[in-house]
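These are my notebook entries from a session with one structure. I list what I looked up, entry by entry.

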Amino acid sequence: MAVRRIFDAHFHVGPYGRQVAFGRTIRPIPAALDVPQACSRYLDLHGLAGGVIVPTYLEDQAAAFRYNDLVMETIKSDARLLGGLWVSPLEEVGNQCETTLGRLPHPRIRALKIASNTWRPFSVDPSTWNRPVRRQMERILEHARLHNLVIHFHTGYLAGAHPLEFSAFMRTYGHAATYQLVHMGEAIAPVFSFVPRFVGWIEEGMQVFTDTSLVPGFGPPWLLEVLDEHNLGYDRVLFATDTPWGRYPAEHAKIETMEVNSAVLEAIFWGNAAQLYRLAE
């Protein structure tokens, strides 16, 4: 049997280090992919054909912007890798965001990474934004359209990025760009919110994709079932690991063991990403 081509549509580069969380100092991922060579070794170890790397991010917005340099260095070092640059609409990092947008276009940058759970006191709901945040968010979306980039938008259980809050964003900006809504909601209850809304956004003609990283195991097969019920196919679902937050063997097994035909698996592991990220270029 031929070896399946696999593309990891979302994983991270950059050290996480020691952080203070919930009153304790923690170091949960000491083996982060912190140098370009580590990303290449990750592809080699798991037989991956390629992937999209984005910066590891912290509550400190400026730190994630500094990792954009590491993304650029990494994609230069390995032709199998494409990059996503960290952007944020917050005023305090306005200069860093403008510098990042000024790097575009770049032939191997295919995405912009956003995590609205780090925007406190704002959320992904535009009704929470002030005028500068709205203006900068619209500049980010404009650059994504102009340069044919995919917006990697974190979805999850934390306030600011919950699928319920995305409904308001998509009503206003759902047709403004192409979105990869990462993690399908990330946890059980948010997945319940995410799947029917995601299907509805596709039916409304929005260019929305999602990936299978971190989501509980029931999520991807349920999403495929609902897509099939609506005669929408399976071309909006991408395989990803969110490494180092996810572990490749577990994330791979979650999809490989789904009770679907081989054509569906081929599309999720490779074909859908090949179309979205123009892998022939």
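**Entry 1: the second largest pocket**

I worked throughout with a predicted model. I began with the second largest pocket, to which α1 (36-46) and α8 (248-256) each supply at least two lining residues. I noted that α1 gives the most to this lining, with five residues. The volume of the second largest pocket is about 330 Å³. I counted 15 lining residues, and A31, Y42, T243, P244 and R247 lie nearest the centre. By class, I recorded 10 nonpolar, three polar and two charged residues in the lining of the second largest pocket.

Two of the residues near that centre, T243 and P244, led me to the backbone. I found that a cis peptide bond joins T243 and P244, with omega about 10°. I placed P244 in the loop between β10 (237-238) and α8.

**Entry 2: another cis bond**

I also looked up the bond from R120 to P121, which is cis, with omega near 15°. P121 is in the loop between β6 (109-114) and α4 (131-146).

**Entry 3: the largest pocket**

I then turned to the largest pocket, whose volume is about 750 Å³. I found 25 residues lining the largest pocket, and Y16, E59, N117, L158 and W245 lie nearest its centre. The elements that give two or more residues to this lining are β1 (7-13) and β2 (19-21). Of the elements, β2 gives the most, with three residues. I noted the classes in the lining of the largest pocket as 12 nonpolar, seven polar and six charged.

**Entry 4: α5 against α6**

Which angle do α5 and α6 make where they pack? I read about 25° between helix α5 (residues 163-173) and α6, with their axes 8 Å apart. I therefore entered α5 as roughly parallel to α6, since angles under 35 degrees count as such. From α5, I listed P163, L164, F166, S167 and M170, which meet P190, S193, F194, R197 and W201 in α6. The contact of α5 with α6 has seven nonpolar, two polar and one charged residues.

I also checked F192, which is in helix α6 (residues 188-203). F192 counts as partly exposed, at 48% relative accessibility. Leaving out residues up to four places away in sequence, I found that F192 touches F218 and W222. The C-alpha atoms of F192 and P163 are separated by 9.1 Å, and these residues are 29 apart along the chain.

**Entry 5: V215 and H183**

Is V215 buried or exposed? I found V215 buried, because its relative accessible area is 3% and the cut-off for buried is under 20%. V215 is in the loop between β9 (208-211) and α7 (219-229). Not counting residues up to four places away in sequence, I recorded that V215 touches H183, M184, E186, V191, P220 and K254. I noted 5.4 Å between the C-alpha atoms of V215 and H183, which are 32 residues apart along the chain.

I followed that pair to H183, in the loop between β8 (178-182) and α6. H183 is buried as well, with a relative accessible area of 2%. I noted for H183 a positive phi of about 80°, although H183 is not a glycine.

**Entry 6: R278**

I last looked up R278, in the segment after α9 (262-276). R278 has a positive phi of about 55° and is not a glycine. I entered R278 as partly exposed, at 22% relative accessibility.

How values were computed:
Residues are numbered from 1 along each chain as its sequence is written. This is a predicted model: local features need pLDDT of at least 70, side-chain atom pairs count only at pLDDT 80 or more; totals for chains, interfaces and linings use all residues. Side-chain values use heavy atoms; hydrogens and water are left out. Helices (H or I, at least four residues) and strands (E, at least two) are DSSP runs, numbered from the N terminus. Buried means under 20% relative accessible area, exposed over 50%, partly exposed in between (1.4 Å probe, protein chains only). Contact means heavy atoms within 4.5 Å. On a 1 Å grid over the protein atoms alone, a cavity is a set of points where a 1.4 Å probe fits but cannot get out, and a pocket is an open set with protein on both sides within 12 Å along at least five of seven lines; lining residues have an atom within 4 Å of a point. Grid points are joined across faces, edges and corners, and a volume is the space filled by probe spheres set on the points. Ala, Val, Leu, Ile, Met, Phe, Trp, Tyr, Cys and Pro count as nonpolar, Asp, Glu, Lys and Arg as charged, and the others, Gly among them, as polar. Axes are lines fitted to C-alpha atoms, for helices over the stretch in contact, and angles run from 0 to 180 degrees between N-to-C directions. Angles under 35 degrees count as roughly parallel, over 145 as roughly antiparallel, 65 to 115 as roughly perpendicular and the rest as oblique.
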